[in-house]
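I opened this notebook to keep track of what I looked up, entry by entry. The structure comes first, and my notes follow.

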Amino acid sequence: MRNRKIILGLLLAVSCILGAQNKKSMPIYKDAKRSVEERVNDLVSQMTVEEKVLQLNQYTLGRNDNANNMADPVNDIPPGIGSLIYFSSNPELRNRVQKRAMKETRLGIPVIFGYDVIHGYRTVYPISLAQACSWNTDLVEKACAVAAQEARMSGVDWTFSPMIDVARDPRWGRVAEGYGEDPYTNAVFGVASVKGYQGNDLSNPQNVAACLKHYIGYGASEAGRDYVYTEISQQTLWDTYMHPYEEGVKAGAATLMSSFNDISGTPGSANHYTLTEILKERWGHDGFVVSDWGSIEQLRPQGVAKDKKEAALKAFNAGVEMDMMNRSYDNHLAELVKEGKVSEEKLNDAVKRVLRIKFRLGLFDKPYTPNGAEKDRFLLPKSLEIAEKLAEESIVLLKNDNKTLPLTNISKIAVVGPMAKSKWHLLGSWRAQGQSDDAISLFEGLENEFKNKAQLSYASGCDFEGDDKSGFEEAKSIAKNADAIILCLGEKAQWSGENASRSTITLPQIQEELVAELKKLGKPVILLLSSGRPLELNRLDKLSNAMLQIWQPGIAGANPIAGIVSGRINPSGKLSITFPYSTGQIPIYYNHRQSARPHQGKYQDIPSTPLYEFAHGLSYTSYEYGELQPSALKIKKGNKLSVSIAVTNTGNMDGLETVHWFISDPVSTISRPVKELKHFEKQMIEKGQTKTFTFNIDPIRDLGFVNGKGEKFLEAGEYYIIVKDKKIKVEVQD
Ligand code: GLC
């Protein structure tokens, strides 16, 4: 017994010594009990310049689905690379490459894997432009949380999303990717996306790091062409483009992506003012900026760098920490440091920013993604439910003459058009790992909805484009025998998104001619329009009785769309972007400056007002808006003010109603838009019920404006609070 105690005592002593030695020998950066900053500083202090530079590079790994970009063969990838864009849909390859980083490098720094999870990973939900039409930030947050869960469980730690570029030229294909024409809308939905992606803890294995993009002003691309010059004054930079990014940084977005566009002579990826003075010094962002794909090397054709080395110098010193797919930093940064053109201090700061996000993601402590079956990662019932609900609430009823919709008490419906049985195009651009087989087509959705209610017939009628009218006769023949005609039209998925500018926003002539032919039959014509941008609809507006803008609703849009057609669902979407009367009006948006001669200066040949305005959207029920009720009509600058309005559902169907609150400041030191959205609220109002909507106004936040230095100011004077066609004047006093 005594000997046993001695042995146990010795064993205990040895284990304590080993433990202490182990603890002493474990470097701080590997100790999960230490703070992130301690670990970051400890690690950077041990790194060579070469190891630091590698952390600032991003290559690609796995199948590449973006025709613009080519993937890298795995063996060319240095084990110590900082980041990879990960195209595979399961963690196996990622873990294999991660193991090399952890085991075959001197310090074992994990790779961070990024990917474009823009509107869903495998459960593809509506494009962002459509999401904003739901005016439901909670739902968007939930959808982004689904995307994060599917992505993180598949080996992606970081999404290059949300895209929050204010865009007012629908010829630009990337208008599909953001939240429309309004700064406040892009800010609110950008924040909701960041919260959905990142949750409360980046190390949670179902959260991913977000990336605000494309910083900044990319949406101002001249004439809607992509990758081109953007004329942006300091004033416009601040009153139109900066707000969504400032709010996204405040919400804790881990990263940003620098933009392609040349911002009035200084490209977004070489812009020290935006990337360092504002983002880092004024806003205190402590994450990192990744370039866009090739945007560093592109400084050369943009005329601000003579070669790749100078491009690397300009981008890095401006404040771009990571080089996406350019091989500018890995080829030149170490040399630039040795030449003293890049300071060791700035190099260390950049590396710390990247490592900080890797530590926060928990990659040092859990570098590998558990291998799970697809059925446990993708298309979970709750995920599909969220995708369907978001599609439902993003659909906008543009027109409904004489209550053509909903289709009730009807026995025969002709379903015509190139979009009727398409699944692929409903997913839109940037579909990540989306599979069209996961989608329900519009025709299938209508079959599901009208089963045992009505007899459906189908004819494609025509293709998306071209001049083959041979299908018209079949379409006419089924339409003749039907009580109503549903035409499923729109854009191919590849007609919007990156590098997808169009000189006109009209649908191809063949589609319009098909509508005109079927209109001659004298039956109700209902259009279901799928697109990644606003369309020119002035002719189709005259040829149709009802029009539903269904956007690119993702894999689960068809059933709710059919539910709206049948009346099971009351549409609640409202436009997040103006629909011009025609391409010739572009740019046309609601928050424009006032004309010097409001009653003159109109077009001679077309109307000067849009076909469908920002925030337009019809319902099957009717609402009566009461009077605006302010808590005061005069307030001192430091006081608060609230304004309420009662809205009654006067129809015979429950409905979700969004109230948009605008302000206007008719006289200001700097001219202001005729009105500016500052708040919105969506509520269910049951038929016959009245609900109160309230805007709690913080004068500097909601009535103030910003100057060309980014300084908010509030001037004494008259302001208006506006809801629909109602407005009240409030006076702000010093
Ligand atoms: C593309 C896009 C950007 C995307 C990146 C990675 O060129 O501009 O939005 O995140 O490259 O695919």
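**Cysteines**

Cys-462 is buried, with a relative accessible area of 7%. I noted before going further that this is a predicted model. I then looked for a partner for Cys-462, and found that the closest cysteine sulfur belongs to Cys-488 and lies 11 Å away, which is too far for a bond. A disulfide needs two cysteine sulfur atoms within 2.5 Å, and my search of the structure returned 0 disulfides. Cys-211 is likewise in no disulfide, since the nearest cysteine sulfur, that of Cys-144, is 13 Å away. I also checked the surroundings of Cys-211, which is buried with a relative accessible area of 0%.

**The sheet with S5, S6 and S9**

I next traced an open sheet of 3 strands, which come in the order S5-S6-S9 and pair in parallel. Its edge strands are S5, residues 211-215, and S9, residues 288-290, each of which pairs on one side only. When I looked up how neighbouring strands of this sheet are turned against each other, I found an average of 30 degrees, with direction ignored.

Which residue in S9 is the bridge partner of Leu-256? I found that it is Val-289. Strand S6, residues 255-258, is joined to S9 by 3 bridges, and the two run parallel.

I then turned to helix H8, residues 234-250, and recorded that H8 lies across S5 and S6, running at about 155 degrees to S5.

**Helix H12**

My last entries concern helix H12, which covers residues 344-360. H12 has 17 residues and reaches 24 Å from its first C-alpha to its last, close to the 24 Å expected at 1.5 Å a residue. I listed residues of H12 that are buried, and among them are Leu-347, Asn-348, Ala-350, Val-351, Ile-357 and Phe-359. The charged residues Arg-353, Arg-356 and Lys-358 are buried in H12 as well. After H12 comes Gly-362, whose phi is positive, near 80 degrees.

I stayed with Asn-348, which has its place in H12, and asked which residues Asn-348 is in contact with, leaving aside its neighbours within four places in sequence. They are Val-44 and Lys-52. With Lys-52 there is also a polar contact, in which the side chains of Asn-348 and Lys-52 are joined at 2.6 Å.

Notes. Residues are numbered from 1 along each chain as its sequence is written. This is a predicted model: local features need pLDDT of at least 70, side-chain atom pairs count only at pLDDT 80 or more; totals for chains, interfaces and linings use all residues. Side-chain values use heavy atoms; hydrogens and water are left out. Helices (H or I, at least four residues) and strands (E, at least two) are DSSP runs, numbered from the N terminus. A polar contact is a pair of N or O atoms within 3.5 Å; within protein, one must be able to donate a hydrogen and the other to accept it, and residues adjacent in sequence count only if both atoms are side-chain atoms. Contact means heavy atoms within 4.5 Å. Two strands pair if DSSP finds at least two bridges between them. Axes are lines fitted to C-alpha atoms, for helices over the stretch in contact, and angles run from 0 to 180 degrees between N-to-C directions. The expected span of a helix is 1.5 Å times one less than its number of residues. Buried means under 20% relative accessible area, exposed over 50%, partly exposed in between (1.4 Å probe, protein chains only).
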